[in-house]
Amino acid sequence: LHRDLESVARRDDRNATLDRGRERGVDRATDEHRHHAPGRDIVAEGRLTARIAGLAAYGVLAGRDLAGRLAAEVSGRAVLPYGDFDVALELTGEDLGLGQPTADLLLGASASLSASVRREGEVTTIDGFALGTGEVTADVTGAFGRSGGRIEGTAELRDVGLFAPDFPGKL
């Protein structure tokens, strides 16, 4: 898979950066990370970005006909293996298709997903989770831990008629 990949790596005493060039539909993937080990914990932080120009090439792996373009960025910091973390994810897709007619209707021409989640001590907080397509929107926030928690969210389907033609309208 990486045979045509051009890479340039830079490293100093705390940082490593790998900048990858164009490879079979991957326009750009950047991996930046830092780690150090104070005591026994490993603290890792970094950012990964990628753009996939053609998902069809990955259809064999998924076992279905994929279509569209995808861009992703993941960034954050974590104390490994089980400590605090703070992670953010951004995904955007255009002309996405999963080879399943109902799912393809829901994805529409553009789709986005963003999430920001952190754990401090024994409490995990969802600072934000948002999903948006031309047909569906959803968002979630909240926090939970051993003593309980609260998660709140909303979801909306633009037209139930996509699934049940006798019941058009929002849900």
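**Exercise 1. A residue on the surface**

Does Val 87 count as buried, partly exposed or exposed, and at what relative accessibility?

Solution. Begin with how the model should be read: this is a predicted model, in which local features need pLDDT of at least 70 and side-chain atom pairs count only at pLDDT 80 or more, while totals for chains, interfaces and linings use all residues. Residues are numbered from 1 along each chain as its sequence is written, and side-chain values use heavy atoms, with hydrogens and water left out. Next come the cut-offs: buried means under 20% relative accessible area, exposed means over 50%, and partly exposed lies in between (1.4 Å probe, protein chains only). Val 87 has 31% relative accessibility, so Val 87 counts as partly exposed. Its place in the chain is strand 6. Finally, Val 87 joins Leu 48 and Val 74 in a nonpolar surface patch of about 190 Å². Such a patch is made of residues with over 30% relative accessible area and no salt bridge, and nonpolar side chains (Val, Leu, Ile, Met, Phe, Trp, Tyr) are joined within 5 Å.

**Exercise 2. The chain as a whole**

Describe the order of the elements in the chain and how much of the chain is buried.

Solution. Count the elements to begin with: the chain has 2 helices and 10 strands, where helices (H or I, at least four residues) and strands (E, at least two) are DSSP runs numbered from the N terminus. Read from the N terminus on, their order is β-β-β-β-α-β-β-α-β-β-β-β. Then turn to burial, where buried residues make up 22% of the 171 residues. The exposed area of the chain is about 11200 Å², of which carbon and sulfur atoms supply 55%; accessible areas come from the Shrake-Rupley method with a 1.4 Å probe, and for residues only the protein chains shown count as cover.

**Exercise 3. Confidence**

Find the stretch in which pLDDT stays under 50, and say how it should be read.

Solution. The predictor's confidence in each residue, from 0 to 100, is called pLDDT. Over the chain, pLDDT averages 83, and 77% of the residues score at least 70. The stretch asked for is residues 1-28, for which the model has 61 contacts beyond four places in sequence, a contact being heavy atoms within 4.5 Å. Where pLDDT is low, the predicted coordinates should not be read in detail.

**Exercise 4. Asp 95 and its partner**

Work out which residue meets Asp 95 in a salt bridge at 3.1 Å, and place both residues in the chain.

Solution. Recall the cut-off: a salt bridge is a side-chain nitrogen of Lys or Arg within 4 Å of a carboxyl oxygen of Asp or Glu. The structure holds 8 salt bridges, and in one of them the side chain of Asp 95 meets that of Arg 69 at 3.1 Å, N to O. This pair links distant parts of the chain, with Asp 95 in strand 6 (residues 85-97) and Arg 69 in strand 5 (residues 67-80), 26 residues apart. With Glu 94, these two residues are linked in a network of salt bridges. As for accessibility, Asp 95 is partly exposed at 44%, and Arg 69 is partly exposed at 34%. The backbone adds a further detail, since phi of Asp 95 is near 50 degrees, a positive value in a residue other than glycine. Most residues other than glycine have a negative phi, and most peptide bonds are trans. A cis peptide bond is found from Leu 80 to Pro 81, with omega near 5 degrees, and Pro 81 lies in the loop between strand 5 and strand 6.

**Exercise 5. Thr 133**

Explain which class of accessibility Thr 133 belongs to, and list what it touches.

Solution. Locate Thr 133 in strand 8 (residues 123-133). Its relative accessible area is 16%, and therefore Thr 133 is buried. Not counting residues up to four places away in sequence, Thr 133 touches Leu 106, Leu 107, Ser 110 and Ala 111. Lastly, the side chain of Thr 133 reaches the backbone nitrogen of Glu 135 at 3.0 Å.

Note on methods
A polar contact is a pair of N or O atoms within 3.5 Å; within protein, one must be able to donate a hydrogen and the other to accept it, and residues adjacent in sequence count only if both atoms are side-chain atoms. Patches are made of residues with over 30% relative accessible area and no salt bridge: like charges are joined within 9 Å, nonpolar side chains (Val, Leu, Ile, Met, Phe, Trp, Tyr) within 5 Å.
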